[in-house]
Amino acid sequence: MKRFLSLLFCFTGWFALTVQYYLMLETSKLSFWETTARFFSYFTILTNLLVTVYFTYQALRNTPSKPENSGILSAVTVYILMVGLIYQILLRQTWNPEGMQRIADETLHTIIPVLVLVYWCCYENKNALNYRMIPKWAVYPLLYFIYILIQGPFSGFYPYPFIDVSQFGILKVLINAFWIVLFFATLSAILIRIGKSLKSDEF
């Protein structure tokens, strides 16, 4: 069952990413390379890629049922839940995609976060979770934020309005980042607390 779900989730991820990339290339008036650079500057895309690579590895590994003690699955789960929740709270009302764009959008922001959470509930080695993991989990979003702040002034492109330094200024963006960090830490702590209250039994 675990391998089957891993295959299903990795195919879902690759499908959604491929469709989104194709649609972005089709609708963009920028060059191929600039469009590609912008595609990979979205936290949504990078995180869904991370999720998809994780499930691809799980589907192909020789011992898929071996318990993990690293907390990698929990970290991936927190990242993709951030993608889903921030989109639902802050970004959903900013546009109204249709057709294949709607399918890709809902898959990346809603379906995959839910699937990952279900997988986490079933297969994470919750006995190995502890709150000391949270600072390590924070490295990925922190590096992403630093990257956006560095490349933004050169490219003139910020993938999300709440980190747009050109519009809000660095102070406002840092304040927004603080609230996102607080949200991340709270979400991580909640996931760990839930994990500690659940059994680690697998299907």
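Which residues does Gln151 touch, not counting residues up to four places away in sequence? In this predicted model, the residues touched are Gly156 and Phe157. Gln151 itself sits in helix α7, which spans residues 139-155. Its relative accessible area is 14%, so Gln151 is buried. The side chain also has a polar partner. A polar atom of the Gln151 side chain lies 3.0 Å from the backbone oxygen of Phe157. Phe157 thus appears twice for Gln151: as a residue touched and as the owner of that backbone oxygen.

The overall fold is helical. The protein has eight helices and zero strands. Along the sequence, the pattern reads α-α-α-α-α-α-α-α. The radius of gyration is 18 Å, and the globule rule gives 17 Å for 203 residues. The two values are close, so the protein is as compact as a globular protein of that length. Taken along the principal axes, the box filled by the C-alpha atoms is roughly 50 × 35 × 30 Å.

Burial and contact order were examined next. Of the 203 residues, 46% are buried. Contacts between residues at least 6 apart in sequence were sorted by separation, and 77% of them join residues at least 24 apart. The protein exposes about 11200 Å². Carbon and sulfur atoms supply 70% of that area. The charges number 15 positive and 10 negative. Their mean positions are 11 Å apart.

Helices α1 and α2 supply two further buried sites. Met24 is placed in helix α1, residues 2-27. Thr35 is placed in helix α2, residues 32-39. Met24 has a relative accessibility of 17% and therefore counts as buried. For Thr35 the relative accessible area is 1%, so this residue is buried as well. Met24 and Thr35 are in contact with each other. With neighbours within four places in sequence left aside, the contacts of Met24 are Thr35, Arg38, Phe39 and Tyr42. On the same basis, Thr35 is in contact with Met24, Leu25, Ser28 and Leu30.

Distances add detail to this pair of helices. Met24 and Arg38 are 14 residues apart in sequence. Their C-alpha atoms are 9.5 Å apart in space. Arg38 is also one of the contacts of Met24. The Thr35 side chain has a polar partner of its own. One of its polar atoms lies 2.8 Å from the backbone oxygen of Ser31. Thr35 therefore pairs a relative accessible area of 1%, which makes it buried, with a polar approach to a backbone oxygen.

Helix α3 was sampled at Ala59. This helix covers residues 43-60. Ala59 has a relative accessible area of 5%, so it is buried. Which residues are in contact with Ala59, leaving aside its neighbours within four places in sequence? They are Arg3, Ser6 and Leu7. Tyr123 provides a reference point elsewhere in the sequence. Ala59 and Tyr123 are 64 residues apart in sequence. In space, they are 13 Å apart, C-alpha to C-alpha.

Taken together, the four sampled sites can be listed by relative accessible area. The values are 1% for Thr35, 5% for Ala59, 14% for Gln151 and 17% for Met24. The cut-off for burial is under 20%. Two of these side chains have a backbone oxygen as polar partner: that of Ser31 for Thr35, and that of Phe157 for Gln151.

Notes: Residues are numbered from 1 along each chain as its sequence is written. This is a predicted model: local features need pLDDT of at least 70, side-chain atom pairs count only at pLDDT 80 or more; totals for chains, interfaces and linings use all residues. Side-chain values use heavy atoms; hydrogens and water are left out. Helices (H or I, at least four residues) and strands (E, at least two) are DSSP runs, numbered from the N terminus. The radius of gyration is taken over C-alpha atoms; the globule rule is 2.2 Å times the number of residues to the power 0.38. Buried means under 20% relative accessible area, exposed over 50%, partly exposed in between (1.4 Å probe, protein chains only). Contact means heavy atoms within 4.5 Å. Accessible areas come from the Shrake-Rupley method with a 1.4 Å probe; for residues, only the protein chains shown count as cover. Lys and Arg count as positive and Asp and Glu as negative; His and the chain ends are not counted. The place of a charge is taken as NZ of Lys, CZ of Arg, CG of Asp or CD of Glu. A polar contact is a pair of N or O atoms within 3.5 Å; within protein, one must be able to donate a hydrogen and the other to accept it, and residues adjacent in sequence count only if both atoms are side-chain atoms.
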